[in-house]
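Grab a pencil and work through these exercises with the model open beside you. Each task comes with a solution, so try it yourself before reading on.

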Amino acid sequence: MSFDNRRKQVMSCFERAPLGGMKAALAGRESVTSQRALLRLGMLWAGRMRLGSSGIFVGILLVLVHAAAACEFGPVPDRATGIVCRMTKPAALLLNQETAQVIQAAFRNANFPNITGERSVRLLGKVAYGLSNIQVNDLSIEQSEVELKENDAIDIAIKNVTAVFKGTLTYGYAGAWFLQLFHSVDFEIESSIDLQINIKLMCQEDQVAADASDCYLSFHKLTLHLQGDKEPGWLKQLFTDFISFTLKFVLKREVCNEINYLAQVLANYVHDLAANFVRDEDIGLDISLASDPLIKANYLESHHKGLVMYKNYSDVFSDSVFSPSLLSESRMLYFWLSEHILNSLASAAFLDERLVMNISGKKLQALFEIEDTEVQQKAVQLIFQGTSYNDSVAKVWSLTHPEISLQPEGTVVKSLVAVEINIFPPGEESLMVLYMEKEITVTIQAAYAEKKLILQPLDSRIEFKVFKWAADPSENDQSIRNFLQKMISVVGIPEVISRIEPALTSLMNSKGLHLFEIRNPEIITRKGYLIVQLDFSFPNHLLLDFLQKGF
């Protein structure tokens, strides 16, 4: 058999033969290790051939899915804006400090495929090789910079990423005098890389999507070391250039794909966090986009519909008063909420029968014993008729959905409220001793401090609409009415608000918000809208923990 025919027979083991054929070709070999190396290399080669055609199909499918996921907005999308989120340049700079963690996660989580190839060598014929079990070690990042390119992209430049790639090199060739050699050797590749990422924001499936596919790697150094450098010098020289070229291509593809994937994971996480934050059991907000996300020189901004979702409740909003000038750029994060959202949430809470509260025992005692006066003692005696507070219940509920108006002085809540007191004398049937309906208007200021939401009532107005009680059917005792009005104003309203604060605080401090440390939050009310502005940080590398646990 000629040398050329022998070389073709060996290469056919890599390119065409099934496993049985490769085993047959190796039948004359004495080295079991070499047989396994060639089998592994042949399988890598076959895998590459299979992935080639399927990759084209996947690529076309992704293009079709992306095209089908485009968002459609109404004729005047700005008028449908109920919620606005603005992240400013200071926040982008802070996030850039965490970019190193994301890039490190991208390198660690990248699934580097096995690399196969072949080279022609004078006198030796064709040499086939495979790189497998590629792993990243000793990764470090020197510098990262971010720039917001208006109406274009978030530009991230990462400089001098150093990493060591380790793996196994398997190669085989047919040499002169019909000599066949098959070897495996461990390798290390030292690298120094610059990374350029241009992240575009778009609307996909009605939510913000991050596209980081515009990604480039520039290699300043890529040095191959074989195990102990004991292999012939020609072998190292042979593989260095070609493997370096192939590895550059694979690294760019896999690392950039992983960065794109991580960017979308984080975008989805933020969306899910927001969706869960504004949902409580059956009541939620539609936070789908009202228009395409914006990239400005000093901030990123997204506009959301903010329509209330509750069973068959239908929410419509088309007269938003939002304007970009309503938000500044000095804080890291801004949320703008329309007055319409708060009114719709109040309506949904009313329909869900949440605006109901029962008070008894010590809480009821605290209401009626705000002062020790003759009028107070008379009221307690006439209403409870000697029954203890533990055997009495005051039920408070809203007869209509509250009306909420946002004003510079605070949030004005107006509601028609009913109060019913029942006593349960031992051994007797329950008795309703007092029923009243009153229209209450209260102005509330909200603040957030030390991870607690603080609701402070400023002033209130109470107007009795209905007043019935068993001890005075004529309803002529004005002193009792005056006492009850004072009790409701001084103790009753704060008690109701105190019941709301823990629930809202729990909501704000849960739902994954532990990833962020909120700093100096402010809640500002204006005519028709509310603004929450704050700074934040990532304590103790929680973002990295999230990325590690997320995979």
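**Exercise 1. Find how many disulfides the whole structure holds, and work out which cysteines they join.**

Keep in mind that this is a predicted model. Start with the sulfur atoms: a pair counts as a disulfide if the two sulfurs lie within 2.5 Å. Searching the whole structure that way turns up two disulfides. One joins Cys71 to Cys203, with an S to S distance of 2.0 Å. The other joins Cys215 to Cys256, also listed with S to S 2.0 Å. Now count the bonded cysteines along the chain, and the pattern reads 1-2, 3-4.

**Exercise 2. Work out the handedness of each link, and say what parts of the chain it ties together.**

Take Cys71 and Cys203. The torsion about their S-S bond is about -90 degrees, so this disulfide is left-handed. Next, place the two ends: Cys71 sits in the loop between helix 3 (32-68) and strand 1 (83-88), while Cys203 belongs to strand 5 (residues 180-204), so the bond ties together parts 132 residues apart in sequence.

On to Cys215 and Cys256. Their link has -70 degrees about the S-S bond and is left-handed. It connects distant parts of the chain, with Cys215 in strand 6 (residues 207-226) and Cys256 in helix 6 (residues 233-277), 41 residues apart.

**Exercise 3. Are Cys215 and Cys256 buried or exposed?**

The cut-off you need is that buried means under 20% relative accessible area. Cys215 has 1% relative accessibility, so it counts as buried. Cys256 comes out at 6%, so it counts as buried too. For the other disulfide, Cys71 and Cys203 are both buried.

**Exercise 4. Describe the largest nonpolar core: which residues touch the most other members, and which elements contribute?**

This core has 52 residues, and Phe107, Phe165, Leu169 and Ile197 are the ones that touch the most other members. Two or more residues each come from helix 5 (99-109), strand 3 (125-149), strand 4 (153-174), strand 5, strand 6 and helix 6. Helix 6 gives the largest share, ten residues.

Zoom in on Phe165. Skipping its neighbours within four places in sequence, its contacts include Phe107, Phe112, Ile134, Phe187 and Leu251. Polar residues show up in the list of partners as well, among them Gln135, Glu188 and Ser191.

**Exercise 5. Work out which strands pair with strand 13 (residues 392-398), and in what sense.**

Strand 12 (residues 356-360) pairs with strand 13 in the antiparallel sense over five bridges. To find the register, look at Ser360, whose bridge partner in strand 13 is Val393. Strand 15 (residues 410-423) also runs antiparallel to strand 13, joined to it by seven bridges. Here Ala394 stands opposite Ile421. As for cover, five of the seven residues of strand 13 are buried.

**Exercise 6. Check whether the length of helix 7 (residues 339-351) agrees with its residue count, then look at its ends and its packing.**

At 1.5 Å a residue, the 13 residues of helix 7 should span 18 Å; the end C-alpha atoms are 19 Å apart, which agrees. At the start, a side-chain oxygen of Ser338 comes within 3.1 Å of the backbone nitrogen of His340. After the helix comes Glu353, which has a positive phi near 60 degrees. Its buried residues are Ile341, Ser344, Ala346, Ser347, Ala348 and Ala349 in helix 7. The buried residues of helix 7 pack against strand 1, strand 7 (284-286), strand 10 (307-309), strand 11 (333-338) and strand 14 (403-407).

Technical notes. Residues are numbered from 1 along each chain as its sequence is written. This is a predicted model: local features need pLDDT of at least 70, side-chain atom pairs count only at pLDDT 80 or more; totals for chains, interfaces and linings use all residues. Side-chain values use heavy atoms; hydrogens and water are left out. Helices (H or I, at least four residues) and strands (E, at least two) are DSSP runs, numbered from the N terminus. Buried means under 20% relative accessible area, exposed over 50%, partly exposed in between (1.4 Å probe, protein chains only). A nonpolar core is a set of buried Ala, Val, Leu, Ile, Met, Phe, Trp, Tyr and Cys residues joined through side-chain atoms within 4.5 Å. Contact means heavy atoms within 4.5 Å. Two strands pair if DSSP finds at least two bridges between them. The expected span of a helix is 1.5 Å times one less than its number of residues. A polar contact is a pair of N or O atoms within 3.5 Å; within protein, one must be able to donate a hydrogen and the other to accept it, and residues adjacent in sequence count only if both atoms are side-chain atoms.
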